[in-house]
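Work through the exercises below with the sequence and the coordinates at hand. Each task is followed by a solution that goes step by step.

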Amino acid sequence: MKRLGSVQRKMPCVFVTEVKEEPSAKREHQPFKVLATETISHKALDADIYSAIPTEKVDGTCCYVTTYKDQPYLWARLDRKPNKQAEKRFKNFLHSKENPKEFFWNVEEDFKPAPECWIPAKEIEQINGNPVPDENGHIPGWVPVEKNNKQYCWHSSVVNYEFEIALVLKHHPDDSGLLEISAVPLSDLLEQTLELIGTNINGNPYGLGSKKHPLHLLIPHGAFQVRNLPSLKHNDLLSWFEGCKEGKIEGIVWHCSNGCLIKVHRHHLGLCWPIPDTYMNSKPVIINMNLNKCDSAFDIKCLFNHFSKLDNQKFARLKDIIFDV
């Protein structure tokens, strides 16, 4: 599969959205819902949405692979956020129903300090060399995942910097109906964004691992293309999500030819997420590690060691992978 666009900024919805004064099913304590209308957005039309590649929106946390310390490294998403004073000013501005793009930010004074190694996300707007905050008042960015950083322990469990490899879930190259977990060279993932999923991420909607034996994996963005999607009409998409096996996913991300990414989430259509039986868990999965040279060098408790013991084994679904510990 050809490499698709990377996630470096907030994605707009394929439909024009409207705010309903009802409690959000997506975010606790949020007193409103953002719902899709039946109108395709100008951003989607300008990006030629009808010719775009639809892919599964995977529910995890966003990561990025780029160089650090002269080698390929996994980076975790870390948005710079405003300090209390600036945030209060921004919220007052929003309550006055003004356009958030018209708010004036002093990036040097309004934002909490970032770690020294923090870098801003690509593609975000800059003025005079300073990144411009998005409509939520955040500056998207990345920090490298160091091996012993407890804050990013689940990120670091899927990479090994000594052998420069990462644990990746994707379709088997010869069978689109089969998933494959493999150790991929980090150099093959350079400048890609990926989704980290697993036991301790976002409430674990895919049911991976257990509290005693957590399991986490990386999925490259755009890895799971959506086949047989209906027409781009609100009701047709709603029926597809509700009635099709393939529709048991968090949402859709369209990868447009100009690099733009457009999405729709089940919540935009008033549907629930997470759901009991996801499409990702309807497919068999095979372990294909090919790590004979490295096996003896792994820490006995690490994921790479556990998966190497299951090499060439096939499971009916991701949920069924259990480590013999």
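For the angle used in the first exercise, axes are lines fitted to C-alpha atoms, for helices over the stretch in contact, and angles run from 0 to 180 degrees between N-to-C directions. The model examined here is a predicted one.

**Exercise 1. Determine how helix H5 is placed on its neighbouring strands, and which of its residues face them.**

Solution. Begin with the direction of the helix: H5 lies across S15 and S16, and runs at about 125° to S15.

Next, sort the residues of H5, which spans 234–243, by their accessibility: His234, Leu237, Leu238, Trp240 and Phe241 are buried. Because these residues cover an arc of only 160° around the axis, they fall on the same side of H5. Glu242 and Gly243, by contrast, are exposed on the other side of the helix.

Finally, look for the partners of the buried side, whose residues pack against strand S1 (15–20), strand S2 (33–40), strand S15 (251–255) and strand S16 (261–265).

**Exercise 2. Describe the open sheet that contains S15 and S16, giving its strand order and its edges.**

Solution. Start with the order, which is S3-S15-S16 for the three strands of this open sheet, with antiparallel pairing. The edges follow from the pairing: strand S3 (53–57) and S16 each pair on one side only, and are therefore the edge strands.

Then consider the geometry, in which neighbouring strands of the sheet are turned by 25° against each other on average, direction ignored.

As a last step, examine the connection between S15 and S16, which run antiparallel and are joined by five bridges; Trp254, for instance, has Ile262 in S16 as its bridge partner.

**Exercise 3. Classify the ring pairs Tyr68–Trp75 and Phe103–Trp105, and state whether their members are buried or exposed.**

Solution. The structure holds 14 aromatic pairs, and two of them are taken here. For Tyr68 and Trp75, the ring centres lie 5.6 Å apart and the planes stand at 80°, so this pair is edge-to-face; both residues are buried. For Phe103 and Trp105, the centres are 4.6 Å apart and the planes meet at 70°, which is over 60 degrees, so this pair is edge-to-face as well. Phe103 and Trp105 are both buried.

To place the second pair in its surroundings, note that Phe103 and Trp105 belong to one aromatic cluster together with Phe90, Phe93 and Phe111.

**Exercise 4. Find where Arg80 lies relative to the ring of Trp118.**

Solution. Arg80 lies over the face of Trp118, at a distance of 5.7 Å from the ring centre, which is within the 6 Å limit applied to a charge over a ring.

Methods: Residues are numbered from 1 along each chain as its sequence is written. This is a predicted model: local features need pLDDT of at least 70, side-chain atom pairs count only at pLDDT 80 or more; totals for chains, interfaces and linings use all residues. Side-chain values use heavy atoms; hydrogens and water are left out. Buried means under 20% relative accessible area, exposed over 50%, partly exposed in between (1.4 Å probe, protein chains only). Helices (H or I, at least four residues) and strands (E, at least two) are DSSP runs, numbered from the N terminus. The arc is that of the directions from the helix axis to the C-beta atoms. Contact means heavy atoms within 4.5 Å. Two strands pair if DSSP finds at least two bridges between them. Rings of Phe, Tyr and Trp (its six-membered ring) pair if their centres lie within 6.5 Å; planes under 30 degrees apart count as stacked, over 60 as edge-to-face and the rest as tilted. A charge sits over a ring if NZ of Lys or CZ of Arg is within 6 Å of the ring centre and within 35 degrees of the ring normal.
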